[in-house]
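Here is a short walk through some charged pairs and helices in a protein model. Have the structure open and follow along.

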Amino acid sequence: DGWYHGPAYVNKDAIYPYTDDVSFLCRTIALHFADKGIQAVVGPTVGGVALAQWVAHWLETLPYGKTSEVLAVCADEEDVTLHDCMVPTKIGTRRVIKRGYDKLIRGKRCLIVEDIINSGLTVQKTCDAVEGAQGQVAGVGCLCNRSGGKVDEETLGVPELFSLLDIEMEMFREEDCPICKTKGRDSVRRDLGKGKEFLSRINLSS
């Protein structure tokens, strides 16, 4: 539903190169869902792919509560295009289970994993993708829910939401951002998140 700015940032990209740390975090998520009968773990691309692999690994490895096999698949992002005009127009994105993975999760109890939950939109789109592939969403596990409780099981429409870290961080719509208005575009970090992409999009990358 648009771009958001804020005075702080959770840098999940700093964790992914360190596999021991990622494994430990995913083991904690797996422990929470070990007795839920999870048969497949689904992560939205890109960050959720590594999480899905490790959580599925630990769900298979833990000595109790596991099923015979736990798969790990991903939900790709795909443009939604309006064709009722002279030039096809992108009107948004959705998540899709493809690469043949849709057949693998059909009828299975699926755990969705995500790194950072902001508005919850990516998780909701991933839920739609799982249900579109005839899988059953059994829960959501994430590294950090930074919504301050605004995003929960009810807003996501899932049976359970488990987060390793729950915090509240200010977010402003891009067009209403008070930081940009008071400090200017020079306040945007180019080395973290999507700051450089934002500046490039508004032609201020140099």
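The side chains of Arg-99 and Asp-76 meet in a salt bridge, with N and O 2.7 Å apart. A salt bridge here is a side-chain nitrogen of Lys or Arg within 4 Å of a carboxyl oxygen of Asp or Glu. Arg-99 sits in the loop between β4 (89-96) and α3 (101-105) and Asp-76 in strand β3 (residues 71-82), so the pair ties together parts that are 23 residues apart in sequence. Helices (H or I, at least four residues) and strands (E, at least two) are DSSP runs, numbered from the N terminus.

Before going on, a word on what you're looking at: this is a predicted model, where local features need pLDDT of at least 70 and side-chain atom pairs count only at pLDDT 80 or more, while totals for chains, interfaces and linings use all residues. Residues are numbered from 1 along each chain as its sequence is written, and side-chain values use heavy atoms, with hydrogens and water left out.

**Salt bridges**

How many salt bridges does a search of the whole structure find? It turns up five. Besides Arg-99 with Asp-76, they include Glu-78 with Arg-94, whose closest N and O atoms are 2.6 Å apart. That pair links distant parts of the chain, with Glu-78 in strand β3 and Arg-94 in strand β4, 16 residues apart. Another one is Lys-36 with Glu-160, at 3.7 Å between the closest N and O atoms. Here Lys-36 comes from the loop between α1 and β2 (40-44) and Glu-160 from the loop between α5 (153-156) and β7, 124 residues apart.

The table shows how accessible these partners are. Buried means under 20% relative accessible area, exposed over 50%, and partly exposed in between (1.4 Å probe, protein chains only).

| Residue | Relative accessible area | Class |
|---|---|---|
| Arg-99 | 56% | exposed |
| Asp-76 | 8% | buried |
| Glu-78 | 24% | partly exposed |
| Arg-94 | 45% | partly exposed |
| Lys-36 | 30% | partly exposed |
| Glu-160 | 18% | buried |

**A lysine without a bridge**

Now look at Lys-125, in helix α4 (residues 121-132). Lys-125 is buried yet has no salt bridge, and the nearest side chain of opposite charge, Glu-77, is 5.2 Å away. For charge, Lys and Arg count as positive and Asp and Glu as negative; His and the chain ends are not counted. Which residues does Lys-125 touch, leaving out those up to four places away in sequence? They are Thr-93, Arg-94 and Arg-95, with contact meaning heavy atoms within 4.5 Å.

Lys-125 has company in α4, where Val-123, Thr-126, Cys-127, Ala-129 and Val-130 are buried too. The helix has twelve residues and reaches 16 Å from its first C-alpha to its last, close to the 16 Å expected at 1.5 Å a residue. The expected span is 1.5 Å times one less than the number of residues. After α4 comes Gln-134, with a positive phi near 65°.

**Helix α1**

The 14 residues of α1 (residues 19-32) should span 20 Å, and the end C-alpha atoms are indeed 20 Å apart. Val-22, Ser-23, Cys-26, Ile-29 and Ala-30 are its buried residues. Seen down the axis, they fall within an arc of 125° and so line one face of the helix; the arc is that of the directions from the helix axis to the C-beta atoms. What covers them includes α2 (47-61), β5 (109-117), β6 (136-145) and β7 (161-166). The face of α1 turned away from the buried side carries the exposed residues Asp-20 and Phe-24.
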